[in-house]
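Trainee: Got a minute? I'd like to walk through this one with you before I get back to the bench.
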Amino acid sequence: MSVCLSVCLSVCLSVLLGGIFSPANAEDPKFFEVQSIPTTAAWKWEQFTIGSDTYLMFGTDQGIADNYHAPSKLYKWNGNSFVEFQSFPEANTWKHFVINNEHYLSAANSDFLKTYKWNGSVFAEFQSVPVSGGFPVHDCEFFTIGTNYYMAVARMSDDLYLYKWGSTGFVFFQTISNEDVWDVEFFTIGSNYYLATAVDASFPLLNHRIYRWDGNQFVEFQAISTGSSIAFKWKHFTIGTDHYLAFYDATDLKIYKWNGTNFLIFQTVPTTYWGMEFYAIGTDSYLIFGNSPSKIYKWNGTNFAEFQYISITPASSSITDWKHFMISNDHYLAMANFTDSSQNVNQNSKIYKWGNSSLTLPNIETNCKTPISIPITLNNLTGVSIASIDITVAFDSSVIKPSTTPATLSGGILSSYGLTPNPNVSGQITLSIYGTGTLSTASGVIAYLNFDVIGASGSTTPLTFTKFNVNSSAASKTDGSVKVTGCNVSGHVGYYPSPTTIHISNAQAKLGTITPVNTDSVGNYTITATSGTNPLSVSKTDELGGVSATDAADISSYVVGLTTFNCYQKIAADVNRDGQIDSTDASLSARYSIKLINCLQYNDLTKSCNSTIDWVFTPNPITSCPTVPVTFTTDRSVTTPPSVTGQDFIGIRLGDVTGNWAQSKIRSRRDRLETRDGASCNLTVTPGSSLKIPVALSQATAVRGINIEAGFDSAVLRADSITTEGGILGCKNYNLVTNTTVSGSISAAISGTANFNGSGDVAYINFTVIGQAQTSTTLNLTKFEVNEVTASGGLVCGASVLSDIDGDKKIGLPEVIYALQCIAGLRDACACNANLEKVIQILRVVTGL
């Protein structure tokens, strides 16, 4: 009783849901709907290809008496579905053909036989041949005999007309008297050519007829009488070496077989009338015919047996045509839905695709030796009721092994089903899944396989279905795989004043012996790790800005107790890493900022670097550091598996006690873009003379540290020194370090603890002119930073001071007299364009103002 109920339930559900059911085998491949196309009075489909493109053309019934008229439409396959491509005047049937590599479409209506030619983009009208009589055309048939091309046109209440292709298109060729022809079918047997016609046999004395080509025209060969009923369609096909003709009328599908002389009745199948198509898939042959439901019959070696039916909504639909075609390796059926029982011609025609239920395993990459859950997905294409699924999956047991719970249905479409797993055979797992209540017809994940990953990084195992039955029949399958890519260790590297918002890019994160990886633009890194416990550290060797005279001043202030530092500043202040903070660190910072030394751990005794450490990194926040040196860790201990996140580090740039390393990069970029007043002087100088160029601060500032750098033509000038004497910082206990060792450049670091607040000349750059007579140079102030901020001000170009005229290494009355002589024009060659303002500037220097 339970078996019968199960079968009945399966059948009834399929019918109620408008699905597809096969009485032979529920999991054999079937056709399932993939597209619905709104159509009006759809009559016949025509399928063809142009190059790699696939097209479907449907004809529309003329409906002269019923007054419904709709255009015929051409659809093009876009890779997923058919989309409308071109519209044509109404015509019941369309035929595509190729002559001399040119593509054509022909259709006949009650007035014309029209032919359209492909122009590379669309079909354009090529020929129109008038047709008399005013009767609708039911069918057209294009065929070839030898080197000649013909078109047969079947018209309701009229004879069969033949046209032959000539130099300008089709011309009338022959009339075949066979009144009220509904369909015409061309076929060959051996070297003979035939035309079969189906007629409305409800008229007295009308028979369906087969005509044979006699070398010049078609002549009657065989008459087939089926009684007083209408026959809508003939279909010729072959199975092996045997030829068959099938046609249907209002009650039966009749199949005739060629006996070597003529066609004799072979099989009769009760059916409703209209659409019919023969097709083959592999070595199997099929016939589809009938209204809703349309039935598919499969050749069993002896005759056609019912295989599948397709339930169509509404059930009263009149299916006038089926067309089989292929796209790539996939089989499709196009159905033309003419009308319903209420004669409503606005119906949906359908496209169906051949297939069966498929089971799929994914391709998975796992980044760590942690448990993984692998879904098995069922694509229930035909909507069959799932009674049972039997699966065996094979795998490499050295890469993965079943977990304690090897499989589960929880979270899938079959969560209410029963499950019995067997993981006890090495390298495989077998599942028995069975319905215990209402059977599902859904698609989705049916089960999860649970594994522990035990393979080494880089190892891979296939996941292979060795058994894949749905309802006791093999489904299609797609195998999968698992690839072990290693564990991930990830984190962020930030700068100490605000490590979550100031990111350090291009730092190198290193785990054990694995090749280091760089942090990205926002300070993040990810390392693909192996299993084990390894040290994790961060280092950096570039982006060495952030150290200035201001840092030297602050370190000096800390040394004498005027300034306090937090833990990170203390680490940064110990620039030579000797475990203490003293004036040596201030000196190293000042000299490093003007490139007098090329490392922070410079040894003045050996004139070399003890080390070249510019950065230190700590994995932990430091909140307490009562003593110096500050004790901090530099690495982490990381154990994988599992993957580890949040392995963050805090970076400290040695020497940068102000914490503005990131801002120094911004200033550097900004200075390259800005043009500051007083950024350059164009000088015309006299050989052997001396110049003193002021560098002025135009905005009052409390000065902690100043960095100055200027560039010039070393063939014209020699930089001798930078001095604060005579300026606003003179005699204010500011320290000055100057670098004149770089050709064409002079730089200075001025630092102090006085924090003198004012504006005016902060320094004077002293030059000796070494160029030839009347040579010139541009003096560029490439850096002028006060307290690590680009200063307002610059070179005082108009106040270039001529110095040491009499060689006494002092600026006094001789220099004043020299300048006044230049103003009065008593000297022909002056070292600068002297004017009264310059004299005043000299006097300011002389008087110490």
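Mentor: Sure. One term to start with: a strand here is a DSSP run of E with at least two residues, and strands are numbered from the N terminus. Also keep in mind that this is a predicted model.

Trainee: OK, so which strand does Thr366 lie in?
Mentor: Thr366 is part of strand E31, which covers residues 363-366.

Trainee: Is Thr366 buried or exposed?
Mentor: Buried: its relative accessible area is 7%, and the cut-off for buried is under 20%.

Trainee: And what does Thr366 touch?
Mentor: Leaving out residues up to four places away in sequence, Thr366 touches Ile372, Val453, Val482, Lys483, Val484, Thr485 and Gly486.

Trainee: Switching to cores. Which residues touch the most other members in the largest nonpolar core?
Mentor: Ile504 and Leu536, out of the 53 residues in that core. Helix H3, residues 567-573, supplies the largest share of this core, with 5 residues.

Trainee: What does Ile504 touch, then?
Mentor: Again not counting residues up to four places away in sequence, its contacts include Val493, Tyr495, Trp615, Phe617 and Trp661. Thr519, Asp520 and Lys540 are also among the residues Ile504 touches.

Trainee: How many residues are in the second core?
Mentor: That separate core has 34 residues, including Ile364, Ile376, Leu439 and Val482. You've met Val482 already, as one of the residues touched by Thr366.

Trainee: Now sheets. What's the strand order in the open sheet of 4 strands?
Mentor: The order is E2-E29-E28-E27, with antiparallel pairing. Strand E2 (30-40) and strand E27 (318-327) each have a single partner strand, so they stand at the edges with one side lacking a neighbour in the sheet.

Trainee: What's the average twist there?
Mentor: From one strand to the next, the twist averages 20°.

Trainee: How many bridges are there between E28 and E29?
Mentor: E28 (residues 330-339) and E29 (residues 346-355) pair over 4 bridges, in the antiparallel sense. Met335 stands opposite Lys350 in E29.

Trainee: Last one: where is Asp604 found?
Mentor: Asp604 sits in the loop between strand E47 (602-603) and strand E48 (608-609). Asp604 counts as partly exposed because its relative accessibility is 33%.

Trainee: What polar contact does the side chain of Asp604 make?
Mentor: It's with the side chain of Arg591, at 2.8 Å.

Trainee: And how far apart are Asp604 and Leu588?
Mentor: They're 16 residues apart in sequence, and their C-alpha atoms are 9.8 Å apart in space.

Terms used
Residues are numbered from 1 along each chain as its sequence is written. This is a predicted model: local features need pLDDT of at least 70, side-chain atom pairs count only at pLDDT 80 or more; totals for chains, interfaces and linings use all residues. Side-chain values use heavy atoms; hydrogens and water are left out. Two strands pair if DSSP finds at least two bridges between them. Axes are lines fitted to C-alpha atoms, for helices over the stretch in contact, and angles run from 0 to 180 degrees between N-to-C directions. Buried means under 20% relative accessible area, exposed over 50%, partly exposed in between (1.4 Å probe, protein chains only). A polar contact is a pair of N or O atoms within 3.5 Å; within protein, one must be able to donate a hydrogen and the other to accept it, and residues adjacent in sequence count only if both atoms are side-chain atoms. A nonpolar core is a set of buried Ala, Val, Leu, Ile, Met, Phe, Trp, Tyr and Cys residues joined through side-chain atoms within 4.5 Å. Contact means heavy atoms within 4.5 Å.
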